[in-house]
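Subject: Structure for your review, with notes

Dear colleague,

I am passing on the structure we spoke about, together with some notes on what came out of going through it. Could you please look it over with the notes beside you?

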Amino acid sequence: MTLLLLIAAGFAAGWVDAVVGGGGLLQLPAMLMIPGITPVQALATNKLGSIFGTTTSAITYARRVKPAMGTALPMAVAALLASYCGAVVAASLPERIILPLILLALIGVGVFTAVRPQVGQLEKLRHVGMGHLARAVMIGMILGFYDGVLGPGTGTFLVIALVTVLGYNFLNSSAQAKVVNVATNLGALLYFAPAGHVLLGLGLVLGAANMAGGYLGARMAIAKGSKFIRVVFLIVVFALVIKLGYDVAVDLFG
């Protein structure tokens, strides 16, 4: 029964990640239900499962959307290096400081997107040349580090940044976010796998489920366009706010 739940969570996580990110919100809690699994093992194994889904959706997007790889690739390299560093310090980062900041940022972005329907519908790039590239690399470094340390919502934050900071529409942002997400998963695995934290069998099962969900999610996002992605984006942000709000409340009040 637990295995079936994990497969269902992996499929749903792959679908959500492909559309707008945030699949870890579904997959990680399901993994933590496994008796005896440690948080670090859950985080590491989640990366292995997720990399199959993000790679599948990244390839699907690349074939049909033609994302701006001149932006996505430098961002991905920065994210890979930062994700490795984040994984190294995963056990020591003060979550009780970070989570409230993430929660406030999500609420702000969710409200901003809800009250401004035009955001992410049309592509109007901000900044040019080295200014554009420098901001993309900075986004990759910050969110790559976050993904290595904590993870949930990284794909959503990537879409947020690509839409609001760089001016891409939701569809192109989702396509680029998948490329960067592959790099963040790989960066964390480069530390977690040699350290022995990855549960290989479980990770491969989750990977197969993620691939199926990722392929379907990417095809739906491409077919339905930015309006569909915006709706899913708001739903995922709302879910993340509820989840992180609960975590913060438990941490503060017990």
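The notes below go through the structure one topic at a time.

Please keep in mind throughout that this is a predicted model.

I begin with the charged side chains, where the count of salt bridges comes to 1. That salt bridge is formed by the side chains of Asp147 and Lys47, with an N to O distance of 2.7 Å. The pair links distant parts of the chain, since Asp147 belongs to helix α6 (residues 129-149) and Lys47 to helix α3 (residues 39-64), the two being 100 residues apart. Are these partners buried or exposed? Asp147 has a relative accessibility of 3% and therefore counts as buried, and Lys47, at 1%, counts as buried too, the cut-off for that term being under 20%.

Another buried polar side chain is that of Ser174, which sits in helix α8 (residues 170-192) and has a relative accessibility of 0%. A polar atom of the Ser174 side chain lies 2.8 Å from the backbone oxygen of Val19. When neighbours within four places in sequence are set aside, the residues in contact with Ser174 are Ala18, Val19, Val20, Tyr61, Val159 and Ile229.

Helix α2 (residues 24-31) deserves a separate paragraph, because 6 of its 8 residues are buried and the helix is therefore largely enclosed by the rest of the structure. The buried residues of α2 are Gly24, Leu25, Gln27, Leu28, Ala30 and Met31, and what they pack against is α1, α3 and α9.

Turning to the surface, Leu3, Leu4, Ile7 and Val205 together make a nonpolar patch of about 340 Å². Helix α1 (residues 2-19) gives the most to this patch, with 3 residues, whereas Val205 lies in helix α9 (residues 200-253). With a relative accessibility of 33%, Val205 counts as partly exposed.

Helix α9 also holds Ala239, which is partly exposed, with a relative accessible area of 28%. The C-alpha atom of Ala239 is separated by 9.2 Å from that of Gly22, although these two residues are 217 residues apart along the chain.

As for the database record, an unreviewed UniProt entry places the feature "transmembrane region" at residues 73-91, 97-115, 136-168, 188-216 and 228-246. I compared two of these ranges with the model. Over residues 188-216 the chain is 76% helix and 0% strand, with the end C-alpha atoms 25 Å apart. Over residues 228-246, on the other hand, the chain is 100% helix and 0% strand, and the end C-alpha atoms are 28 Å apart.

One backbone detail remains, and you may want to look at it in your own viewer: which residue other than glycine has a positive phi, near 55°? It is Lys66, which is found in the loop between α3 and α4 (69-88). At 60% relative accessibility, Lys66 counts as exposed, in contrast to Lys47, which counts as buried at 1%.

With best regards

Technical notes:
Residues numbered from 1 in each chain as written. Predicted model: local features only at pLDDT ≥ 70, side-chain atom pairs only at ≥ 80, totals over all residues. Heavy atoms only, no water. Helix = DSSP H or I, 4+ residues; strand = E, 2+ residues; numbered from the N terminus. Buried < 20%, exposed > 50% of the residue type's maximum accessible area, 1.4 Å probe, protein only. Polar contact = N/O pair within 3.5 Å; in protein donor to acceptor, adjacent residues only side chain to side chain. Contact = heavy atoms within 4.5 Å. Patch = residues over 30% accessible without salt bridge, like charges linked within 9 Å, V, L, I, M, F, W, Y side chains within 5 Å. Areas by Shrake-Rupley, 256 points an atom, 1.4 Å probe, with all protein chains shown as cover. Salt bridge = Lys/Arg side-chain N within 4 Å of Asp/Glu carboxyl O. UniProt positions renumbered as here; feature names shortened; annotations may be inferred.
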